[in-house]
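Hi everyone, thanks for making time for this. I'd like to walk you through a structure that is new to most of us, so please have a look at it on the screen.

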Amino acid sequence: MRNNSSLIRLKGKKTINLLFNKGKTFRSKQFLLKILKTSDSEIPFRCGVSVGKRDFKKAVDRNRIKRQLRNVLQKSQKNLPYKGLYMLVYKGFGLPETSVLSKELCSLLKKIKN
């Protein structure tokens, strides 16, 4: 049974390729955010997170950051500018704190809305 407040994950090679080929890119200090705005009936809201293997060799560290990113996205889901596909890529170095990620994502979303 799915929790109503949980994120619907972005899956599938075709969908991710569509997002990276046709989506808009927004950058901040620690994030790269790809967004593809779609109509409500075409593709529902989906979100994915990614952490580079080159920067974090240990899977434990990558998985921890991904959990933090999903948590931050879930909390700020109401502030997202529009429906569509989102991919959040972590580009920072070192293990971040959730509060820092939350502030950074909020500032990035404000930048997108303007």
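Let's begin with Leu10, which sits in the segment before helix H1, the helix that covers 13–22. Please keep in mind that what you see is a predicted model. Is Leu10 buried or exposed? Leu10 counts as buried, because its relative accessibility is 9% and the cut-off for buried is under 20%. Now look across to Tyr86: Leu10 and Tyr86 are 76 residues apart in sequence, yet their C-alpha atoms are 7.8 Å apart in space.

From there, move into helix H1 itself, where you'll find Lys22. Lys22 has a relative accessible area of 61%, so this residue is exposed. If you measure along the chain from Lys22 to Ile35 you count 13 residues, and the C-alpha atoms of the two are separated by 8.8 Å.

Next stop, strand S4, which spans residues 84–90 and holds Met87. Met87 counts as buried, since its relative accessibility is 8%. How far apart in space are Met87 and Lys34, C-alpha to C-alpha? The answer is 5.1 Å, for two residues that are 53 apart in sequence.

Let me set another pair beside that one. Gln68 is in helix H2, the helix that runs over 59–75. With a relative accessible area of 9%, Gln68 is buried. Gln68 and Arg46 are 22 residues apart in sequence, and their C-alpha atoms are 17 Å apart in space.

Now for the cysteines. How many disulfides does the structure hold? The count is zero. Cys47 is in no disulfide, and the nearest cysteine sulfur to its own belongs to Cys106, 14 Å away. Why is there no bond for Cys106? Its closest cysteine sulfur is the one in Cys47, and 14 Å is too far for a bond, given that a disulfide needs the two sulfur atoms within 2.5 Å. The surroundings of these two cysteines are worth a look as well. Cys47 counts as buried, because its relative accessibility is 5%. Cys106, with a relative accessible area of 31%, is partly exposed.

Finally, let's turn to the surface. Which residues form a positive patch there? They are Arg27, Lys53, Arg54, Lys57 and Lys91. Let me pick out Lys57, which lies in the loop between strand S3, residues 46–51, and helix H2. Lys57 counts as exposed, because its relative accessibility is 64% and the cut-off for exposed is over 50%.

To recap two of the stops: Leu10 is buried in this model, whereas Lys57 is exposed. Thanks for listening, and I'm happy to go back to any of these spots on the screen.

Key: Residues are numbered from 1 along each chain as its sequence is written. This is a predicted model: local features need pLDDT of at least 70, side-chain atom pairs count only at pLDDT 80 or more; totals for chains, interfaces and linings use all residues. Side-chain values use heavy atoms; hydrogens and water are left out. Patches are made of residues with over 30% relative accessible area and no salt bridge: like charges are joined within 9 Å, nonpolar side chains (Val, Leu, Ile, Met, Phe, Trp, Tyr) within 5 Å. Accessible areas come from the Shrake-Rupley method with a 1.4 Å probe; for residues, only the protein chains shown count as cover. A salt bridge is a side-chain nitrogen of Lys or Arg within 4 Å of a carboxyl oxygen of Asp or Glu. Lys and Arg count as positive and Asp and Glu as negative; His and the chain ends are not counted. The place of a charge is taken as NZ of Lys, CZ of Arg, CG of Asp or CD of Glu. Helices (H or I, at least four residues) and strands (E, at least two) are DSSP runs, numbered from the N terminus. Buried means under 20% relative accessible area, exposed over 50%, partly exposed in between (1.4 Å probe, protein chains only).
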